[in-house]
Amino acid sequence: MLLNHFPRLISPLNLSRTILPNTFTLFCTSKSSLSFSESVSIPNFSTDISEDTQIEIPDDVVYPEETQIEIPIEKLFIPPETDISSGSLSKRVLRGSNIVLSKYARDAQVSQAEFVKSSVTTEDCPSDGLPEFALVGRSNVGKSSLVNSIVRRKKLALTSKKPGKTQCINHFRINDSWFLVDLPGYGFANAPHEVRTDWSKFTKDYFLNRSTLVSVFLLIDASIPAKKIDLEYASWLGQNQIPMTLIFTKCDKRKKKRHGGKRAEENVEDFQDLIREYFQSAPPWIMTSSVTNQGRDEMLLHMAQLRNYWLKH
């Protein structure tokens, strides 16, 4: 079953019947992690998330060098069948993201991960019908490192000092119940032109025709300003109604202001502003770092709620 872009499945928020603030205040820390001013943390993976779940962060956690950012409610990602009319909505938003936790956020832990196969066409991919999430991004965005961070295995996805090494559709089976898919990176200038063309063709064919694809996770380097090729990729996914989550990588890196660099949070906001016209509602996004494992748990919870919804429907 191929879902349309998840935000398109969500009914418009009925604010006339729902008492909610127009914006939520976020704090950006020196570690490039976002947290709501009303504390938000990750629930125990073994605990089912209900609509009334209260999520709190320990009192002894301190976030230095905080700068305040506001996120409008219309920019939150509200999963299908999620009631936002009761309780504190801010306490159910995943840290460093715009994603609201739903009742489907369960069974998120990774206990087993194994490489299954590499494919050069969509038809060659595994045919066992398990739901899957595809990771794609520019060749030097840190995709393989993020895969290894997600499964806590240093060498599950091969990392290389030479960008563009992934040249196939690589399937990794997680917990014998779903797939994490590592797709070829795009935009590697030193790759032969005909190879770059082939990669683009078969990854787009995969997006359009892979019936078990739950969502594409588009990786964007948050340590630098938006790149044209990333904007084009995101807009293509949006125009073709491919389910997409933006994964902002390298959020541990800091560019010095005096050198014209922006904070990761600023680059995240800028990128979303640039692609807004291609989406009916805000795509889900998460800030990550494979160095500090920031965003790892949030990604797993987000995958879990999308996956469990997909399995039910």
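The exercises below work through a predicted model of one protein, each with a solution in steps.

**Exercise 1. Find how confident the predictor is in this model, and which stretches call for caution.**

Step 1. The mean pLDDT of the protein is 75, and 67% of its residues reach 70 or more.

Step 2. Over residues 1-21 the pLDDT is below 50, although this stretch has 54 contacts in the model beyond near neighbours in sequence. Residues 24-68 also have a pLDDT below 50, and that stretch has 124 such contacts.

Step 3. Where pLDDT is low, the predicted coordinates should not be read in detail. The contacts counted for residues 1-21 and for residues 24-68 are therefore to be taken with that caution.

**Exercise 2. Describe the overall make-up of the protein in terms of its helices and strands, its burial and its contacts.**

Step 1. The protein has six helices and 10 strands, and 54% of its 313 residues count as buried.

Step 2. Of the contacts between residues at least 6 apart in sequence, 77% join residues at least 24 apart.

Step 3. The accessible surface comes to about 14400 Å², and carbon and sulfur atoms account for 48% of that area.

**Exercise 3. Work out which residues and elements build the largest nonpolar core.**

Step 1. This core holds 42 residues, and those that touch the most other members are Tyr-206, Phe-207, Leu-218, Leu-237, Leu-246 and Phe-248.

Step 2. The elements that each supply at least two residues of the core are the strands E5 (132-137), E7 (178-182), E8 (213-221), E9 (244-249) and E10 (285-287), together with the helices H3 (193-209), H4 (228-239) and H5 (264-275). Helix H4 gives the most to this core, with five residues.

Step 3. Leaving aside residues up to four places away in sequence, Leu-237 touches Phe-207, Val-216, Leu-218, Ile-242 and Met-244.

Step 4. Another core, of 31 residues, lies apart from the largest one, and its members include Phe-172, Ile-174, Leu-301 and Leu-306. In soluble globular proteins, nonpolar side chains tend to be buried together.

**Exercise 4. Test the length of helix H6 against expectation, and decide how far helices H6 and H2 are covered.**

Step 1. Helix H6 covers residues 296-312, and at 1.5 Å a residue its 17 residues should span 24 Å; because its end C-alpha atoms are 24 Å apart, the model agrees with the expectation.

Step 2. H6 is mostly covered, with 14 of its 17 residues buried.

Step 3. Helix H2 (residues 143-151) is mostly covered as well, eight of its nine residues being buried. The buried residues of H2 include Lys-143, Ser-144, Asn-148 and Ser-149 alongside Leu-146 and Ile-150.

**Exercise 5. Locate residues with a positive phi, and classify the exposure of Asp-107 and Gln-241.**

Step 1. Most residues other than glycine have a negative phi, and most peptide bonds are trans.

Step 2. Asp-107 has a positive phi near 55°, and it sits in the loop between strand E3 (67-72) and strand E4 (113-119). Asp-107 counts as partly exposed because its relative accessibility is 45%.

Step 3. Gln-241 also has a positive phi, of about 55°, and is found in the loop between H4 and E9. Its relative accessibility is 34%, so Gln-241 counts as partly exposed.

Step 4. Just after H2, Arg-152 takes a positive phi of about 55°.

**Exercise 6. Trace salt bridges that link distant parts of the chain, and state whether their partners are buried or partly exposed.**

Step 1. The whole structure contains 15 salt bridges. Side chains of opposite charge can pair when their charged atoms come close.

Step 2. In the salt bridge of Lys-75 with Asp-273, the closest N and O atoms are 3.9 Å apart, and a cut-off of 4 Å applies. Lys-75 lies in the loop between E3 and E4 and Asp-273 in helix H5, 198 residues apart. Lys-75 counts as partly exposed at 26% relative accessibility, as does Asp-273 at 41%.

Step 3. Glu-132 and Arg-210 meet in a salt bridge at 2.9 Å, N to O; Glu-132 belongs to strand E5 and Arg-210 to the loop between H3 and E8, 78 residues apart. Both Glu-132 and Arg-210 are buried.

Step 4. Asp-230 forms a salt bridge with Arg-138, with the closest N and O atoms 3.1 Å apart. Because Asp-230 lies in helix H4 and Arg-138 in the loop between E5 and H2, the pair ties together parts that are 92 residues apart in sequence. Asp-230 and Arg-138 are both buried.

Step 5. Glu-114, Asp-128, Arg-173 and Asp-176 are linked in a network of salt bridges.

Technical notes. Residues are numbered from 1 along each chain as its sequence is written. This is a predicted model: local features need pLDDT of at least 70, side-chain atom pairs count only at pLDDT 80 or more; totals for chains, interfaces and linings use all residues. Side-chain values use heavy atoms; hydrogens and water are left out. Helices (H or I, at least four residues) and strands (E, at least two) are DSSP runs, numbered from the N terminus. Buried means under 20% relative accessible area, exposed over 50%, partly exposed in between (1.4 Å probe, protein chains only). Contact means heavy atoms within 4.5 Å. Accessible areas come from the Shrake-Rupley method with a 1.4 Å probe; for residues, only the protein chains shown count as cover. A nonpolar core is a set of buried Ala, Val, Leu, Ile, Met, Phe, Trp, Tyr and Cys residues joined through side-chain atoms within 4.5 Å. pLDDT is the predictor's confidence in each residue, from 0 to 100. The expected span of a helix is 1.5 Å times one less than its number of residues. A salt bridge is a side-chain nitrogen of Lys or Arg within 4 Å of a carboxyl oxygen of Asp or Glu.
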